[in-house]
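Please look through the sequence and the model below, and follow the account that comes after them. It moves from one region to the next, so keeping the structure in view will help.

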Amino acid sequence: MTAILSVSDVWKSFFGVPVLKGVSLELQPGSVHGLIGENGAGKSTLMKIVAGVYTKDSGTVRFDGREVDYTHPLQAMRAGVATVFQEFNLLPDRSVAENVFLGREPRKGGFVDNRGMARRTAELLAELGIDFIDPEARVSSLTVAEQQIVEITKALSFDARVISMDEPTAALADHEVELLYGIIRRLQQRGVAILYVSHRLKEIFDLCDTITVLKDGALISSTPASDLDAAELVRRMVGRSIEAFFPDPLPGTERGPVRLRVSGGGNDYIDGIDLQLHAGEIVGIAGLQGSGRTELAEAIFGAVPFSRGTMELDGAAVRIGSPRRAVRSGIALITEDRKAQGLALAQSVLDNALLVIRGVFPSRTRAARRRIPGVLSSLEVSFRGLDQEVQFLSGGNQQKVVLAKWLATDPRVVILDEPTRGIDVGAKVAVYTLMRELAAKGVAILMVSSELPEVIGMSDRIVVLHDGRISAELEPGSSEEAVLSAATGTGALGEVVQ
Amino acid sequence: MTATAAPARRRRIRLDSTVIVYLALIGVIIVGAILVATVGRNFFSLGNIRDILTGMSVLGFVAIGQTLVILVGSLDLSVPYVISLSSLMAATTMAGQPGNIAAGVLVALLVALVIGTINGLIVTGLKVNGFIATLGTGLIISGYLSTTYQGSTGSVPAQFQFIGATGIGPVPISTIIMLALATVVFLFLRKTRTGHHIYAVGGSLGVARLSGLRTATPIIVAHAICSVTAALAGLLLASRLGVGTPTVGSQGGYDLLSIAAVVLGGTLLAGGRGSIWGTIGGVAIFAVLDSVMSVLQVNPFLKDVVRGIVIVAAVAIYTGRVVLERRARFSTKEVRR
């Protein structure tokens, strides 16, 4: 079978820094090609070159046998090379059909044929096996998964023969991932070749026929999926084994007295929360999407406060009714969504690092300003200067700035919600190490995470949520199966440790 | 063992904004009718209805154009001066001669078309924010008006004055023309590519560009139409007054009033969402308020206070209306706040 898209020996640098060093890969019609590597390995750059967002410095890209060099995404789209980016290109206030045919609205007698447009959209959706999306529904009324389907439908409307997907499951709930799998299989049957970029090994093995591994911009391997197992894949990606990821507790770390106690806590989203957090302890919160993980973090931090139950900090009863209250009491929350909730993207590293101090403890600003450079360098943030805008930092460095912002407040309790989402392995290890250091200093840490290896590898105790309630409390080193069965509500409560 | 956890879906509660506008209009009419009845007058008398509809027409023309400009993500502050200019152009060209009516109308509309196109070109070509661009062109026109005309000038023949003065039953001709124009613009937005692209460009310039649209076209078209509808308002004022007046537009405060009517009608000030019929509803609310307040002989300063409260309250309601609500899993009854 001949390749529909073949990339050979592609090089690309930005400002003299090479990000792709002679990468090659071939996509076969009707197959799914997994592209995997750490952040910064060059996956997105390669994808954007294929999509016409970036132009390559050298090398060739052939589509359907002919050499191509797209300079605009639309040009690639029209030729049949479509891309579903992580950030959707949709107009939230327009209908599904209007989005699918934007710029190519079908006309009848010179006027836009709204009915025909809706009908055609329904046909395209049906080809993907989707019957629950109304072509006339407003995009903003759809779930993220449905919006993604609209993007794929748009790609299909261009008769795409190659579709690249960048982390398509990043924002999807588990049952929605199944839906995406179904759509990908339909596309495969139509002979569409799919370039699938993902961090999640399970998906890569579930879906892909061929797996290409990139590391530091270079091609490591491009092999049939059947020749690989997860351990081997990780080894190729990071050049080290998965155990080395999670640092051991530092010597001298002691489980101290109870720092935070929640008794019978509840609000609209969670209920019956009994939780104790000791000084020097890392407690992992696991659970499925929608189980109330983030809501628990937000309740403790006062963003969406508890309306029932009591809370104690170091033995004293507290009422945390707002984030400001939480910060004053020594609680920090590193939020799930760094860009929307953690950083002022257009402001400098220094301003971001001082954000909380200036807002809540203005009298400490001067002292904090002296400390910030030290905190940043201890976190190994790489940046050009304190006045650099944080939007120009990598995801890992942005997350470190968020951490620095909170460390400057000397918190007693630190809540981390998905602390390593979308950051590279090196930065992940830095975050884990920092957590261990904080624990050694007697800080109580609550880590909310959807990545089971992380929860299991870092936690002294694992609290599992299911449908807004605590369904189990597990020992460190529990198996992924034990956590999952508690999270899905299928496990017996016999595993509760107490 | 299929314990599939129901996903905690985030739900969006959204009533169509045009529906809300008309519900608000009905509310205003009911309250207004009661208030008017307390002073022994009939809100629904033919004379009063004619007054309200007459009050709608001038602002209606301006607001229809302003809707397009706001939908595309811009603003037009030059409308009052275009109104004055077109009233003068028409009145001086006509100079009391019935044979010159067509020429006068044409000159006024063409001049407006040129001004609107220039506004659009400044916004798209020079990348000047619409607010500033039209503030600038408005000032330029205003300067021209005050140096060239000392007061009311020209004269409009009786046949042209007829348009502003008659009606079919209680419905003035001018209001019928305004509603016909609203229908045409409604169809333009719904049935033409440029109409669709006005929403697209206002919704997200980036998405529009990546979808291959010529993003300048909808912006220029919106500005051009806006100036032309402002000129129609100017023609109507000339017809009513019988002369062209250099201050008729700015005295009416049509720049901010038209923006307020558009926003009151549920169109997003940032662009991309809204409708012509919402705007007409917003204009009607203002007209009813004005009518009720003049029947009640409310102090003119208080009138502005009421208008201001209505605008702020409306926008507050719209903002609160689009609630991204998480489904409550547990009872909310014992929530303490």
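Which residue takes a positive phi in the hairpin of E21(A) and E22(A)? In this predicted model, the residue is Asp467(A), whose phi lies near 50 degrees, and the hairpin has 2 residues between its strands. The two strands of the hairpin pair in the antiparallel sense, over 5 bridges, and along this pairing Val463(A) stands opposite Glu473(A) in E22(A).

The hairpin belongs to an open sheet of 6 strands in chain A, whose order is E18-E19-E20-E15-E21-E22 and whose pairing is mixed. At the edges of this sheet are strand E18 (331–334) and strand E22 (469–474) of chain A, each of which pairs on one side only. On average, and with direction ignored, neighbouring strands of the sheet are turned by 20 degrees against each other.

On its other side, E21(A) meets strand E15 of chain A; here residues 282–287 of E15(A) and residues 461–466 of E21(A) run parallel and are joined by 5 bridges. Within this pairing, Val283(A) has Arg461(A) as its bridge partner in E21(A), while the bridge partner of Ile285(A) is Val463(A). Val463(A) is therefore a residue of E21(A) that is bridged to Ile285(A) and also stands opposite Glu473(A) in E22(A), if DSSP bridges are taken as the criterion of pairing. In a regular strand the side chains alternate between the two faces of the sheet.

Is E21(A) largely enclosed or largely open? Of its 6 residues, 5 are buried, so the strand is largely enclosed by the rest of the structure. Two helices of chain A can be followed against the strands described above. Helix H9 (residues 293–300) of chain A lies across E15, E18, strand E19 (413–417), strand E20 (444–448) and E21 of chain A, and runs at about 150 degrees to E19(A). Helix H18 (residues 480–487) of chain A also packs on the sheet, where it touches E15, E21 and E22 of chain A, and its direction makes about 30 degrees with that of E21(A).

Chain B can be taken next, with its 14 helices and 4 strands. Buried residues make up 47% of its 337 residues, and of the contacts in chain B with a separation of 6 or more, 80% are between residues 24 or more positions apart.

Two helix pairs of chain B show how its helices pack. Helix H2 (residues 46–71) and helix H7 (residues 173–191) of chain B pack at an angle of about 30 degrees with their axes 8 Å apart, and they are therefore roughly parallel to each other. H2(B) passes H7(B) in a left-handed crossing, and the residues that make the contact include Leu53(B), Phe61(B) and Ile64(B) of H2(B) and Met178(B), Leu181(B) and Val185(B) of H7(B). By class, the residues of this contact divide into 8 nonpolar, 5 polar and no charged.

In the second pair, the axes of helix H3 (residues 79–94) and helix H10 (residues 216–241) of chain B come within 7 Å and cross at roughly 55 degrees, so these helices are oblique to each other. The crossing of H3(B) and H10(B) is right-handed, and among the residues in contact are Val82(B), Ile83(B) and Ala90(B) of H3(B) together with Cys226(B), Gly234(B) and Leu237(B) of H10(B). This contact has 13 nonpolar, 5 polar and no charged residues.

Conventions: Residues are numbered from 1 along each chain as its sequence is written. Chains are lettered from A and ligands numbered from 1 in the order in which they are written. This is a predicted model: local features need pLDDT of at least 70, side-chain atom pairs count only at pLDDT 80 or more; totals for chains, interfaces and linings use all residues. Axes are lines fitted to C-alpha atoms, for helices over the stretch in contact, and angles run from 0 to 180 degrees between N-to-C directions. Angles under 35 degrees count as roughly parallel, over 145 as roughly antiparallel, 65 to 115 as roughly perpendicular and the rest as oblique. A crossing is left-handed if the near helix is turned anticlockwise from the far one by less than a right angle, and right-handed if clockwise. Two residues are in contact if their C-beta atoms, placed from the backbone, lie within 7 Å. Ala, Val, Leu, Ile, Met, Phe, Trp, Tyr, Cys and Pro count as nonpolar, Asp, Glu, Lys and Arg as charged, and the others, Gly among them, as polar. A residue is buried if 20 or more other C-beta atoms lie within 10 Å of its own, exposed if 12 or fewer, and partly exposed in between; C-beta atoms are placed from the backbone.
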